[in-house]
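Work through the exercises below with the structure in view. Each task is followed by a solution in steps.

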Amino acid sequence: MTYREILKKYWGYDDFRGIQSDIINSIGTGHDTLGLMPTGGGKSITFQVPALATEGTCIVITPLISLMNDQVDRLRKLNITAYAIHTGLSHAETVKILDNCIYGKIKFLYIAPERLDSPFFLTKLRHIKISFFTIDEAHCISQWGHDFRPAYLRIRNLRTSYPEKPILALTATATKDVINDIKKSLLLRDCNTYTMSFVRKNLSYVVRHTEDNMYEIKHILNNVSGSTIIYVSSRRKTREIAKELTEEGYPATYYHAGLDIAVKTKHQKDWQENKVRIIVATNAFGMGIDKPDVRLVIHYDSPTSIEAYFQEAGRAGRDGLLSYAVMLYTKATIRNLQKHFTVSYPEKEFIKQVYSRIAYFYEVGVGMGKGLSFVFPIDKFCHIYNYDPNIVESSLFILSNAGYFKYEYNDNCKSRIIFTVTRDDLYRLGQLHPKEEMLISSIIRIYSGVFTVFTYIEEDYLAHVMKTDRNTVVVLLKGLQRRQILKYIPPIDDPKIQFLTNRVDEKDIVLSPRVYDYRKQVMQNQVESMISYITSTNICRQSLLVRYFGEKNADPCGKCDVCIDHRKKGIGNQQKETSTIESKEQQQPQQSSKPRLSCREAILEFIGDSRVKVHDLKSNIPFSTEEISKTVSLMVASEELTIESIFIRKT
């Protein structure tokens, strides 16, 4: 079948859109390919179609289990054989999947990049007939990207082991530097690069200053109907805000990486099926979510980069209808962004001190420790040394990137049980409470092998089956353990530390520029860009966003809060669009009127022959913010000035 025939057969579309066809033809003819497609651009089609037209198994490397499972489920509904290998599977299940790949029975195999650390997996991989490799969320391989994952760096070994197999790298957000780093890190050869426009014509970007985020959210929900995502910065907030909204008459659920898989699945399904209108989530939610009718994405807290914001905001309006991406900010927002940067990159001497004290904490001497692994009770460690846990975690991530530690949380860690009595003994037991009997029968019905080996269980799922709560299930399991009917090992929430090298003396620790100085500068630029986006009042929101990604010729959108405000004030030639979100203007105290020419001259004098940050004008030019904004807008329109991301210079 042709590519279009495959598209029609499985997805029902008559033709491809955007750059899909270009990417498909490129990877289909054996060329290394890089595709930049904003959220909702149809990335999955670009590797699924050519893979179905090519003999062999397509290996898809992707960062999240939820993303794997979501895509696998959708492919299976289309009667396409797809499987994912992840930490939730037993060894026997993993072997079965890999053997079926070897036999040619599986078309798509999804894995996490960490799987490439497994000698067993790599041995099996050599016997699989591979069509090509797909690297999803490819920006994770770039140390300049907003979501860098060291495990992605190991993917380059595939090019060495399989030099004849083409590689398709896909991402929704990447700057020019990140694009170049992706190509270099993946060892892409004669790579064809295709970029879809980052302009979302149906999306209205709004930044709203408020003193009360919850009041503002309710105000917006009353003015914009439809399915909603609210992004927050912490797991605690997801539950608290969802609870408050539900109690106020706005049905909401919540989502974060620490929830059991069964709970995640239920909450996500309730939202996708519109049983609840709102899902309050951390940034763990969203990748691969196929819900085109999201009308509203609200950021309760600001992300730390334009890349992250653009990707999350872009989950609104994937069906092409008018939708809104609203960023809320308070007086504390800018301060919190700046604090995040400070916390993320402690001083080098502090990082080295943390290394030494962790070694002392575990009694690891100089010249010893390589390969040793420990559960790390970070709260206890910080209490002993009077450290801020956030700063310690940042230090550990930097030391991990430098190759000294492997530091990680296991969000998918599950409880384990094994019965210490035989199946026949269970029937002879007396004095069991009805709830204990129900729990035992549920375990036996749901899980196999519980009488012979430790088996992973999910307390939340058992609670769902028994129509009770998780705490009741835990109490029952502990009771059965005390009576020596089974052994119950709860999940360990603490992170793990593994020494990757023998311990070195503190003075010999090397934090190279690539590990520390360069990345610190990248984060500083990202945070400043985010602050500039939030505080800017004179540049179209969409234009500012797409220029950040190198798209220079973006017209004002006419839909964002800045465009609407300018149109009301008669500034520029904005498109005549209206927003259903009630405008809430933030008025500045009026300063004495200044001649327009004087403001223009002051701006030109301050800029000189260099380029300066846009928000620096407001603190260095002796005019009101409103006057500066008007003047800059006119000067940009007349091509006296040019805006480049967060900077401004003379044209």
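**Exercise 1.** Find the angle at which helix α18 and helix α19 pack.

Solution. Locate α18 at residues 434-446 and α19 at residues 459-466 (helices are DSSP runs of H or I, at least four residues, numbered from the N terminus). The two pack at about 115 degrees, and their axes are 10 Å apart (axes are lines fitted to C-alpha atoms over the stretch in contact, with angles from 0 to 180 degrees between N-to-C directions). Next, list the contact (heavy atoms within 4.5 Å): α18 gives Lys 435, Met 438, Leu 439, Ser 442, Ile 443, Arg 445 and Ile 446, while α19 gives Tyr 461, Leu 462, Val 465 and Met 466.

This is a predicted model, in which local features need pLDDT of at least 70 and side-chain atom pairs count only at pLDDT 80 or more, whereas totals for chains, interfaces and linings use all residues. Residues are numbered from 1 along each chain as its sequence is written, and side-chain values use heavy atoms, leaving out hydrogens and water.

**Exercise 2.** Count the salt bridges, then place the one between Asp 32 and Arg 159.

Solution. Apply the rule (a side-chain nitrogen of Lys or Arg within 4 Å of a carboxyl oxygen of Asp or Glu); the count is 25 salt bridges. In the pair of Asp 32 and Arg 159, the N to O distance is 2.8 Å. Asp 32 lies in the loop between α2 (20-28) and β1 (33-36) and Arg 159 in helix α7 (residues 156-161), so the bridge ties together parts 127 residues apart in sequence (strands are DSSP runs of E, at least two residues).
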